[in-house]
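Thanks for coming. I will go through one structure today, starting with where the protein chains meet and then turning to the DNA.

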There are 2 protein chains.
Amino acid sequence: MKLSGGVEWALHCCVVLAGMQRPVPAARLAEFHDVSASYLAKQLQGLSRAGLVRSVQGQSGGYLLTRAASEITVLDVVEAVDGDGRTFVCTEVRQRGPLAAEPASCTAPCPIARVMWNADRAWREALRAVSIADVAEDVTRASGTEALPRVRAWLGAVAR
Amino acid sequence: MKLSGGVEWALHCCVVLAGMQRPVPAARLAEFHDVSASYLAKQLQGLSRAGLVRSVQGQSGGYLLTRAASEITVLDVVEAVDGDGRTFVCTEVRQRGPLAAEPASCTAPCPIARVMWNADRAWREALRAVSIADVAEDVTRASGTEALPRVRAWLGAVAR
DNA sequence: TCTACTCGGACAACTTGTGTCCGAGTACCG
DNA sequence: CGGTACTCGGACACAAGTTGTCCGAGTAGA
């Protein structure tokens, strides 16, 4: 039960992309975060597939958020990178073995699965309640009001 | 972000072990659930290490809950089998790269990590709120009042 | 039209989870 | 009291998912 490490990178990328007007190349995002450019590219592809970011090809291309940061939840990013499959899969153990339950009596989900899925839902709801804009605000509160603008200026600067 | 499959088996085992007076061998639990005996043994070892079940060696040995089912939460079982490590690990990305934050300004956890950990806490709380006894009650409600006693009789019967 | 720069998916290496096995230890039975 | 059969426990292979990397397709700009 460990979350993919790329989720952290993707979240950081979305936060710094908030408020960006021009596309930012993946290589520049990787340099900024000091992580593998090739691997970060893969995570950004996941965000692109999910429709969270828009990719612009060609010179002066890069990635850009498709909508306002307040309209993108943390859950969106997590599911885009890590997959939206359920964390718990019920293999219907009750229908196996010598005292197997009748399939007809299994219209309702297994009680164990219900508990796990409820917890899963709570987890997702907590992530859905926070938007990227909320996170950016927290960063500003923690690191000062001029931290994010400085980052955006660095990202927007033309190639060294 | 997928939960270990052994968690499901361990939960089913704990539910059927509830109310058992005599130890039940791992092989019998495996036969009942129609799963690999060798692999289920490993999961039960995890439960034993966590102190949830007590192992009795020798003939007519097996596993037994160490305390009442109402005193064992689903979270206990999940953490015993799957590990109690956090689902999200913060690698302190903010302290890396060209615009790295000062370590002195990082006394508080990263805002991103805080969000993830809050969701993690919500997930664990939901699992902690449900005990094995609660699950057993749900099973009785779903499968009839005589379902669990029949299972216990089958498990307690001497080897074929 | 050409060039340079971008993303996108296909291709390996590795850590983690899955599955299995045999040895150490103990209760029962003769 | 000794032997035996049964139990758990940890050490040992196998497979899958994740991590990491690469090169080709496509496009904006000069």
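Before the first number, a definition: buried area is the accessible area, taken with a 1.4 Å probe, that two parts lose on being put together, summed over both. Please also keep in mind that this is a predicted model.

So, the protein interface. Chain A and chain B bury about 4300 Å² between them, and carbon and sulfur atoms make up 73% of that area. Which residues of chain A lose the most area to chain B? They are A:Met1, A:Glu8 and A:Leu99, and together they account for 18% of what the chain A side buries. In residue terms, the contact draws 46 residues from chain A and 46 residues from chain B.

Next, the polar part of that interface. Eight residue pairs are in polar contact between chain A and chain B, counting pairs where both residues are at pLDDT 80 or more. As for secondary structure, the elements of chain A that give two or more residues to the side touching chain B are helix H1 (6–17), helix H2 (26–33), helix H4 (74–82), helix H5 (111–128), helix H6 (132–143) and helix H7 (147–156). H5(A) gives the most to that side, with ten residues. Sorted by class, the side of chain A that touches chain B has 30 nonpolar, five polar and eleven charged residues.

How many salt bridges does the rule find across the interface of chain A and chain B? There are two. In one salt bridge, the side chains of A:Asp34 and B:Arg96 meet, with 3.8 Å from N to O. The cut-off for this pairing is 4 Å.

Now the DNA, beginning with strand C. There are 20 residues surrounding DNA strand C, and the closest are A:Gln45, A:Ser55, A:Tyr63, B:Ser4 and B:Ser36. Of the strand C atoms that come within 4 Å of the protein, 64% are in sugar and phosphate.

Some individual distances for strand C. A polar side-chain atom of B:Ser36 is 2.5 Å from a phosphate oxygen of DNA strand C. At A:Ala26 it is a backbone N or O atom that lies 3.0 Å from a phosphate oxygen of this strand. A:Gly58 has a polar backbone atom 3.1 Å from a sugar or linking oxygen of DNA strand C.

Which elements give two or more residues to the surface near DNA strand C? Helix H3 (37–49) and strand S2 (62–65) of chain A do, together with helix H3 (37–49) of chain B. H3(A) supplies the largest share, four residues. The classes here are four nonpolar, 13 polar and three charged residues.

On to DNA strand D. It has 19 residues around it, and A:Ser4, A:Ser36, A:Tyr39, B:Ser55 and B:Tyr63 come nearest. For the strand D atoms within 4 Å of the protein, 64% belong to sugar or phosphate, and the rest to bases.

Two serines of chain A reach phosphate oxygens of DNA strand D through polar side-chain atoms: A:Ser4 at 2.8 Å and A:Ser36 at 2.6 Å. From chain B, a backbone N or O atom of B:Gly58 lies 3.1 Å from a sugar or linking oxygen of DNA strand D. The elements giving two or more residues to this surface are H3 of chain A, plus H3 and strand S2 (62–65) of chain B. Here the largest share, four residues, comes from H3(B). By class, the surface near DNA strand D has four nonpolar, twelve polar and three charged residues.

That is the end of my part.

Methods: Residues are numbered from 1 along each chain as its sequence is written. Chains are lettered from A and ligands numbered from 1 in the order in which they are written. This is a predicted model: local features need pLDDT of at least 70, side-chain atom pairs count only at pLDDT 80 or more; totals for chains, interfaces and linings use all residues. Side-chain values use heavy atoms; hydrogens and water are left out. Contact means heavy atoms within 4.5 Å. A polar contact is a pair of N or O atoms within 3.5 Å; within protein, one must be able to donate a hydrogen and the other to accept it, and residues adjacent in sequence count only if both atoms are side-chain atoms. Ala, Val, Leu, Ile, Met, Phe, Trp, Tyr, Cys and Pro count as nonpolar, Asp, Glu, Lys and Arg as charged, and the others, Gly among them, as polar. A residue is near a molecule or strand if one of its heavy atoms lies within 4 Å of it.
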